[in-house]
Amino acid sequence: MNPKTRQEKISVLLSTEPKFRIKQIQEALFKDGVKNWLDVSNLPLPLRTKLHEKIPFISVRENTLNISADQSTFKALLSLEDDLEIETVLMRNSKGSFTICVSSQVGCAMRCSFCATGTLGLKRNLTVDEIVDQYRFWKLYIEKNNLGSRISNIVYMGMGEPLANYEAVKESLNTILNKTDVGITKITVSTAGVIPRMEHILNDPDWPHVRFAVSLHSANPYVRNKLMPSSYEDFLPRLASWGKQYLEAFGNRNHHLTFEYIMLNSINDSKKDALELIQYVKSIGDVKVNLIPYNFTDFLFMPSTEEVMDAFQQTLKNNGVTVTKRRSRGDDIAAACGQLAKKKC
Ligand code: SAH
């Protein structure tokens with residue numbers, strides 16, 4: 001076997017060591033104050049040195065790091081072993097702790113017309129280590145810079161379509177849930193709507209039931225198809241039927257199903273659009289809608305004005321739909337989640 005994952009590499013390198021050593025090593029990767037293998041003080045020094053020489057402690061390297069003027073948002077461009085690059089974001093959240101936004105692929109095949117990542121096409125899937133190490137990268141960054149808080153939330157809303165990298169994303173979720181103090185309801189996986197995978201999840205005993213967000217962006221099949229070419233004729237009815245099954249199986253106070261809705265000027269922000277959305281959402285059940293201000297990426301689209309967004313939100317509220325509006329953060333460094341662009345910082 002050609003070892004690929006860090007765990008496999010460690011197992012091969014230390015095949016003669018007792019099992020508890022391997023466990024200690026796995027735990028060390030997430031321990032406070034451990035910056036590299038040499039810091040793992042409960043391991044004998046020769047072992048630490050061996051690991052230090054043979055296995056990278058972390059699979060991502062900081063390339064560029066930008067901080068927003070208000071110091072609330074940090075965006076890192078990370079290099080991978082093969083020199084491809086991904087972006088990841090650290091944001092202060094309303095609870096005073098941090099939310100991180102992680103990438104699941106290098107580039108993306110979905111080609112949503114408003115999304116900067118879509119223009120890159122898909123380069124490759126990220127490995128489990130590369131996904132988990134975005135968490136570890138920010139944990140080490142917080143410690144090194146004494147930012148004084150912990151990562152409480154994780155959103156899979158960076159580059160890529162998480163459900164198109166299903167096995168690695170699933171394993172990364174299980175690793176994070178097993179090795180860190182981030183709770184299952186504090187993680188959100190966002191999808192452009194890969195229905196076969198979503199159907200599979202309903203019956204996959206190994207899929208941890210973190211929160212789900214589906215990027216809807218329009219309840220009109222023609223508009224949605226224009227915005228998201230991955231959409232197809234019976235996408236909306238299939239999503240509705242999936243949504244009902246999901247809510248029946250997993251819906252409770254802690255498990256919301258959220259539809260994300262980017263507000264694009266004169267594209268999907270009229271009263272008619274709102275009414276269509278209300279009708280669609282209500283046909284499914286207790287789905288929450290999160291309105292997202294469009295982060296300008298090119299001249300194809302303009303963001304909806306504040307007034308239009310407020311009116312849209314009010315129409316949804318008046319019709320009994322639970323609706324929230326996403327705060328826009330890190331605009332000055334183009335760091336808003338889901339706007340992870342190919343441009344270097
Ligand atoms: N592929 C997944 C996850 C990555 S995108 C998905 O589609 O959900 C994460 C979120 O950011 C999605 O809701 C996406 O539609 C949104 N997004 C992409 N580009 C954006 C932009 N320019 N402004 C605001 N939100 C954007």
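Across the interface of domain 1 and domain 2, three salt bridges are found, a salt bridge being a side-chain nitrogen of Lys or Arg within 4 Å of a carboxyl oxygen of Asp or Glu. In one salt bridge, the side chains of Arg-6 and Asp-129 meet at 3.6 Å, N to O. Between the two domains there are also five residue pairs in polar contact, both residues at pLDDT 80 or more; a polar contact is a pair of N or O atoms within 3.5 Å, where within protein one must be able to donate a hydrogen and the other to accept it, and residues adjacent in sequence count only if both atoms are side-chain atoms.

This is a predicted model, in which local features need pLDDT of at least 70 and side-chain atom pairs count only at pLDDT 80 or more, while totals for chains, interfaces and linings use all residues. Residues are numbered from 1 along each chain as its sequence is written, and side-chain values use heavy atoms, with hydrogens and water left out.

The chain is divided into domain 1 (6–54) and domain 2 (61–333), with bounds that come from an automatic or database domain assignment. The contact, meaning heavy atoms within 4.5 Å, takes 11 residues from domain 1 and 12 residues from domain 2. Together the domains bury about 910 Å², 48% of it on carbon and sulfur atoms; buried area is the accessible area (1.4 Å probe) that two parts lose on being put together, summed over both. On the side of domain 1, Arg-6, Leu-29 and Phe-30 lose the most area to domain 2, together 64% of what that side buries. The centres of the domains, taken over C-alpha atoms, are separated by 34 Å.

The chain as a whole has 10 helices and 12 strands, which are DSSP runs (helices H or I, at least four residues; strands E, at least two) numbered from the N terminus. The structure holds 17 salt bridges. In one of them, the closest N and O atoms of Lys-139 and Asp-32 are 2.7 Å apart. Lys-139 belongs to helix α4 (residues 128–144) and Asp-32 to the loop between α2 and α3 (45–54), so this pair ties together parts that are 107 residues apart in sequence.
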